[in-house]
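Thanks for letting me take a few minutes of the meeting today. I would like to walk through one structure with you, looking mainly at what surrounds its ligands, so please keep the picture in view as I talk.

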Amino acid sequence: MHDSGCLMGKYRFRIKRFSQEEDSSSRWDTFSIDMKPMERVLDGLDRIKDYADGSLTFRRSCGHGICGSCAMKINGRNRLSCQTLIKDMPETIRIEPLEAFPVIKDIVVDMDDFFKKNDYVLPYLINDEPPPERERLQSQAEQEKILESITCIMCGSCTSSCPIYWTDNQYLGPSSILKAYRFIFDSRDRAKEERLGKISGAHGVWRCHSIFNCVESCPKEIDITGHITELKRLALKKNLHL
Amino acid sequence: MRHQFDTVIICSGLAGLRAALEASNGGNVAVLSKLYPTRSHSTTAQGGIGAALGNEEPDKPEWHFYDTVKGSDFLGDQDAIEIMCEDAIRAIIELEHLGVPFSRTPEGRIAQRYFGGHTRDFGVAPVRRACYSADRTGHAIVFALYEQCQLKGVKFFPEFFVLDIVIENTRCHGVITLEISTGEFHIFSSKATLIASGGYGRVFKTTSNAYASTGDCLSILFNRVIPLEDMEFFQFHPTGLYGIGILITEGARGEGGILINGKGERFMERYAPTIKDLAPRDMVCRAILTEIREGRGIDGKDYIYLDLRHIPKKTLQERLPEISTFCKIYMGIDPSEQPIPVIPTAHYTMGGIPTDIDGRVFMDEKGSVVNGLFAAGECACVSVHGANRLGCNSLLDTVVFGRRAGNAIRDEIKEIEYGRIRNNELEKSRMLIDSILTSDGKEKIANIRTDLQDRMMEHCSVFREEKNLKGLIDSIGILKERTEDIGLKDKTRKFNTELIDAIELKHMLTLSEVIASSALERKESRGAHYREDHPERDDTIWMKHTLAFKTDKGIEFRYKPVKITRFKSEERRY
Ligand SMILES: Cc1cc2nc3c(=O)[nH]c(=O)nc-3n(C[C@H](O)[C@H](O)[C@H](O)COP(=O)(O)OP(=O)(O)OC[C@H]3O[C@@H](n4cnc5c(N)ncnc54)[C@H](O)[C@@H]3O)c2cc1C
Ligand code: SF4
Ligand code: FES
């Protein structure tokens with residue numbers, strides 16, 4: 001339990017460094033620091049920034065896995081640094097920025113394209129029918145249908161881990177498709193067809209080859225590939241295949 | 001670079017987003033934030049948003065009104081509270097129509113649960129008033145509002161850090177910002193500027209607040225001689241995870257969780273016989289710390305247990321999935337099998353920028369307003385929370401008063417010209433940045449920050465006393481001097497988060513001094529402000545709001561009356 005948080009141990013953080021402003025290529029820096037087993041990898045990064053090298057640059061805000069700021073590659077796997085505990089790490093912890101997005105500085109990548117892709121799928125509830133006086137009714141079963149998809153925190157881990165996205169940067173990517181799912185299957189939405197059309201184009205669902213990297217890297221354990229498959233099925237039904 | 005917008009909104013938490021939707025009906029809107037919009041602190045809100053929908057059992061806005069006044073320890077302004085509670089039902093239904101995926105009852109209506117201080121029939125028994133989306137309510141609402149803002153064409157400027165808010169001759173002209181990724185200055189002149197920059201819980205060591213909650217804009221305004229109201233009232237939440245402060249929502253007690261001490265007693269029965277574990281937060285925090293002080297912590301240590309073991313596993317899975325995950329990840333325990341070690345954690349700022357019921361910012365105790373300047377959400381003080389906020393009333397505050405501010409802006413910008421920001425204003429910001437970047441000082445940001453957070457926790461959290469507060473104020477003065485000697489490792493311009501940390505630290509110091517000074521000044525105990533040397537509430541002298549002004553001679557205090565329309569002050573028992 002938390003008491004085991006007391007035993008300090010030395011850990012080596014190997015961190016990939018790069019600054020658009022100063023460097024032409026990246027390098028690896030190593031920091032040796034004391035950590036407790038129940039501390040987060042994020043605590044380690046904070047400690048390095050605070051006491052060893054103030055120029056180390058990474059994003060974070062909530063500190064507990066809900067804001068989506070701190071996704072990065074930790075020992076080869078995309079994870080949230082605020083949800084990854086030291087006790088689950090080997091003595092050497094390798095930290096890199098998310099792949100496939102342009103690096104701005106150290107662990108910070110440019111996420112503009114990631115967010116823009118999202119805009120393309122009409123990511124908002126559309127329903128022009130005059131609303132009832134009270135809430136629109138939605139059964140628990142109907143809500144269950146979108147329950148997983150609404151937990152997405154837009155961390156970018158999935159899209160960054162997708163080999164299709166690496167080769168086709170126009171591909172919408174798993175998280176935008178998941179966003180489309182969230183509205184297409186919301187019983188209150190009325191723009192399903194339009195959205196379905198958008199995600200079944202040349203850079204949409206059909207590019208997904210069910211490689212499952214996204215599922216493995218999602219910190220919210222969303223079965224993204226399952227959701228994409230269901231959208232493919234729906235698109236087929238509507239004759240929206242390529 | 002220079003920009004011009006009808007409305008500029010600082011920050012994309014719930015208050016900012018809700019206001020943006022409204023203001024966009026009257027002209028173009030820019031929303032700036034130091035984070036991406038979906039990363040705002042509001043996404044962390046777990047438990048729920050309050051409204052007397054009566055979906056689960058009879059409830060009335062009137063009871064909500066009473067509970068909020070009593071929860072506020074009678075310091076809340078009743079005109080504003082009444083507006084909020086009356087508007088709550090409409091506000092929640094509207095959120096539902098905008099797409100928020102609220103959890104549902106078997107009939108398909110918005111589900112509701114118990115929360116601290118929510119009662120029926122003016123205090124008779126707990127009532128289910130908290131509307132929720134599992135324990136991800138803030139996340140669900142932020143996404144829905146952000147999405148609707150996109151539909152409305154609101155222009156977002158993510159990762160823009162506000163350096164200054166330009167106010168000249170009782171008129172706000174706009175803001176000066178730093179684009180974090182490039183290090184360039186961007187000047188936004190506007191007809192109306194809304195501050196919705198959230199709280200500053202980071203000034204304390206143990207906190208549930210995000211790294212971004214440093215209160216920059218309040219400090220900027222204070223330095224621009226806008227007073228800050230009721231800053232002595234800072235809420236601690238009873239159940240932060242022991243050691244790290246991550247929040248376990250009051251919804252956990254709403255679903256039946258209880259607090260137990262080292263002797264296995266359900267001690268809240270002694271402190272609040274009627275509603276027990278669902279008493280307001282100020283009372284529960286004091287009860288917990290009293291148990292600990294008297295040696296009844298777990299194994300005599302400095303924490304107690306939140307026990308959820310008797311709650312059906314299915315309920316935990318469906319209604320409290322996130323906090324169950326937090327317990328597993330951060331404590332290595334399964335809350336259905338083991339009790340959760342908890343301690344009070346810094347949570348919410350009741351005080352802030354004084355405003356009227358439409359978000360207009362006051363510049364004195366007489367009610368003069370700054371033209372073109374508005375504030376809403378946690379950074380503002382309307383005041384609906386008075387000396388102690390009730391759970392679920394903050395999210396409600398953001399959407400009700402965010403919307404009202406947005407409406408007022410929409411109407412007023414028709415008559416206002418664009419603000420004009422002169423180059424010498426920019427020079428001030430440029431000098432600030434240059435002086436930090438070029439300093440070869442020896443102090444480290446983290447040392448000063450940790451020192452501040454430790455001292456604030458020690459002397460200005462749940463229990464306070466004159467001697468300690470005086471000592472604290474002196475040490476803040478010393479810490480302020482030490483900040484002048486900060487030297488950065490990172491001298492670059494692009495994405496310099498060390499630079500941001502340095503500026504945030506200055507703001508945290510400014511606010512800490514205001515908090516501690518206001519706490520020293522108020523010689524009574526009310527709501528979240530508890531003075532061990534003045535343990536009683538004193539309505540004859542202190543039934544009034546504090547306004548702290550910056551002057552050449554230091555902080556000066558003035559006061560304004562509490563608006564009492566319906567409920568007279570009474571002894572606060574639960
Ligand atoms: C863990 C937790 C759980 C909570 N649960 C509940 C709940 O269940 N129910 C409830 O009613 N309330 C709850 N609250 C309180 C509630 O979440 C907040 O009070 C509310 O979300 C504040 O919203 P806001 O819009 O005022 O500000 P925020 O959401 O805090 O947004 C302000 C944003 O301003 C930005 N900002 C600040 N300074 C600058 C600057 N200099 N430049 C640019 N941008 C800046 C930051 O990015 C920040 O994210 C909870 C709070 C916490 C911490
Ligand atoms: S689906 Fe999962 S991995 Fe992808 S952005 Fe959402 S939370 Fe992150
Ligand atoms: S800091 Fe918010 S998800 Fe990690």
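The element that gives the most to the shell around ligand 1 is α11(B), which supplies four residues. If you look along chain B, you will find that α1 (14-23), β9 (160-168), β16 (340-349) and α11 (393-412) each supply at least two residues of that shell. I should say at once that this is a predicted model, and that it scores ipTM 0.95 and pTM 0.96. For chain B the mean pLDDT is 96, with 100% of the residues reaching 70 or more.

Which residues come nearest to ligand 1? Of the 35 residues around it, these are S42(B), G48(B), E378(B), S394(B) and L395(B). When the shell around ligand 1 is sorted by class, we get 13 nonpolar, 18 polar and four charged residues.

Let me now go down to single atoms, taking the oxygen and nitrogen atoms of the ligand in turn. An oxygen atom of ligand 1 lies 3.0 Å from a backbone N or O atom of L14(B), while a nitrogen atom of ligand 1 lies 2.9 Å from a backbone N or O atom of K34(B). With D216(B) it is the side chain that takes part, since one of its N or O atoms is 2.8 Å from a nitrogen atom of ligand 1. Taken alone, ligand 1 exposes 990 Å², and the protein buries 99% of that. As for where it is placed, ligand 1 sits in the largest cavity.

Let us turn to chain A and to ligand 2, whose surrounding residues include C152(A), C155(A), C158(A) and C218(A), and also P219(A) and I224(A). Two elements of chain A, α4 (157-161) and α6 (174-184), give two or more residues to the shell around ligand 2. How does that shell divide by class, and how many of its residues are charged? There are nine nonpolar residues, three polar ones and no charged ones.

Finally, there are two details of the backbone that I would ask you to find for yourselves. In chain B, the peptide bond from V382(B) to S383(B) is cis, with omega near 5°, and S383(B) is found in the loop between β20 (380-381) and α11 of that chain. In chain A, F212(A) is a residue other than glycine with a positive phi, near 70°, and F212(A) has its place in the loop between α7 (192-199) and α8 (213-217).

Notes. Residues numbered from 1 in each chain as written. Chains lettered and ligands numbered in written order. Predicted model: local features only at pLDDT ≥ 70, side-chain atom pairs only at ≥ 80, totals over all residues. Heavy atoms only, no water. Near = heavy atom within 4 Å. Polar contact = N/O pair within 3.5 Å; in protein donor to acceptor, adjacent residues only side chain to side chain. Areas by Shrake-Rupley, 256 points an atom, 1.4 Å probe, with all protein chains shown as cover. 1 Å grid on protein atoms, 1.4 Å probe; cavity = no way out; pocket = protein on both sides within 12 Å on 5 of 7 lines; lining within 4 Å. Sits in = over half its atoms within 2 Å of the grid points. Nonpolar A, V, L, I, M, F, W, Y, C, P; charged D, E, K, R; others polar. pLDDT = per-residue confidence, 0-100.
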